[in-house]
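Hi everyone, thanks for coming. I'd like to walk you through a structure you probably haven't met yet, so let's get it up on the screen.

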Amino acid sequence: RMQPLAWVGIACLCLGAAWAVPAREERRRVEKPKPDFALYENLDLDNYDLTLDSYGDIIDLSNYEELYDYGDLPPKIEVGTLAPRPKDHEGLPEPGTTAPTPKPQAPATTSPIRSAPPGLSTIRGIPGCLRCLCIRTSVYCDDTDLEHIPPLPPDTTYLYARFNRIGVIRAGDFMGLKKLKRIDLTSNSISWADADAFRLLPSLQELILPENRLTALPELPRSIVKLDARLNRIPSAGLRPEAFQDLKQLQFLHLSDNQLDFIPTPLPQGLRSLHLQNNNIQTMHEDTFCDSRDQSHIRGALEDIRLDGNPINLSLFPNAYFCLPRLPTGRFL
């Protein structure tokens with residue numbers, strides 16, 4: 001009797017296990033959450049812009065260097081270490097041969113000083129060209145601590161000796177320089193110039209002497225076109241009587257910032273610009289600019305007269321300007 005009961009018990013256990021497995025699977029199937037598609041309904045991917053402002057919120061770059069192994073990069077190649085690729089194979093040496101050694105060449109230069117054509121710059125025996133710069137017919141001696149005019153080549157046309165310590169101009173400093181057209185001695189310490197220092201220069205057109213200590217003007221050649229002696233100490237007594245009358249080529253006379261007491265007359269008819277501002281001029285004559293005996297005379301060239309900065313009232317001399325195309329610049333009240 002016991003055997004049939006045992007078989008019945010074993011059969012019940014097997015049936016219970018068979019029913020338990022589907023029940024467990026059904027329970028897992030019920031407990032698994034379903035995807036909630038409502039979470040994606042409000043996400044507008046069409047209008048989403050990835051900008052620099054929002055980029056950091058999406059991708060964390062703070063530990064980027066730690067994640068990236070820079071040792072895997074290939075070695076950096078320095079610029080200039082690679083030879084250029086030849087255009088053809090004709091210039092390449094044959095295997096096993098030695099390339100010919102190129103002949104050394106002088107480096108090319110674009111400096112105007114070194115590439116100057118033969119001329120004054122090749123003159124070795126003239127001290128002026130050893131201390132100054134001589135290019136063609138121009139001599140440049142700016143800011144070289146000169147205390148006097150150096151000897152110059154005979155063909156000198158332009159001399160620039162500005163910002164030096166030249167104190168005196170001697171009669172022989174420019175002797176024999178028949179081609180000299182321009183002398184610029186701006187910002188020196190010139191207190192005296194010999195009477196014949198410039199008079200014997202037949203081609204001199206421009207004499208530039210501002211910012212010096214001159215108390216008298218030397219005699220000028222008749223070829224002079226422009227005289228600039230501003231910012232000196234020249235009084236009216238430092239001008240020779242009728243100093244400018246015979247200078248028919250003179251067009252620019254600039255004597256501002258000196259100690260003149262009157263306008264130097266007579267003035268040449270070809271004068272175009274007269275600068276006398278900041279002097280001590282207090283009066284003038286009716287014939288200073290015009291000829292009072294010839295009311296029909298018109299002085300059309302003299303269009304630039306500066307008298308501002310002087311203690312003169314220009315309205316007191318109305319008959320002195322009738323021949324001028326323009327009134328002088330100055331005080332009329």
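Let me start with a small puzzle: is Asp308 buried, partly exposed or exposed? Keep in mind that what you're looking at is a predicted model. The answer is partly exposed, because the relative accessibility of Asp308 is 23%, and the cut-off for buried is under 20%. Asp308 forms a salt bridge with Arg306, with the closest N and O atoms 2.8 Å apart. Arg306 is partly exposed too, at 25%.

Okay, let's zoom out. The protein has 333 residues, and 31% of them are buried. You'll find 4 helices and 11 strands in it. Now for the sheet: 9 strands make up an open one, in the order 1-2-3-5-7-8-9-10-11, with mixed pairing. Strand 1 (133-135) and strand 11 (304-306) sit at the edges with a single partner strand each, so each has one side without a neighbour in the sheet. From one strand to the next, the twist averages 5°.

Inside that sheet, have a look at strands 9 and 10. They run parallel and are joined by 3 bridges, and His254 stands opposite His275 in strand 10.

Back to salt bridges. There are 12 in the whole structure. One of them pairs Asp173 with Arg170, at 3.1 Å from N to O. Here Asp173 is buried at 11%, whereas Arg170 is partly exposed at 43%. And there's a network of salt bridges too, linking Asp142, Arg162, Arg182, Asp184 and Glu206.

That's it from me, happy to go back to any of it!

How values were computed
Residues numbered from 1 in each chain as written. Predicted model: local features only at pLDDT ≥ 70, side-chain atom pairs only at ≥ 80, totals over all residues. Heavy atoms only, no water. Helix = DSSP H or I, 4+ residues; strand = E, 2+ residues; numbered from the N terminus. Buried < 20%, exposed > 50% of the residue type's maximum accessible area, 1.4 Å probe, protein only. Pairing = 2+ DSSP bridges. Axes fitted to C-alpha atoms, helices over the stretch in contact; angles between N-to-C directions. Salt bridge = Lys/Arg side-chain N within 4 Å of Asp/Glu carboxyl O.
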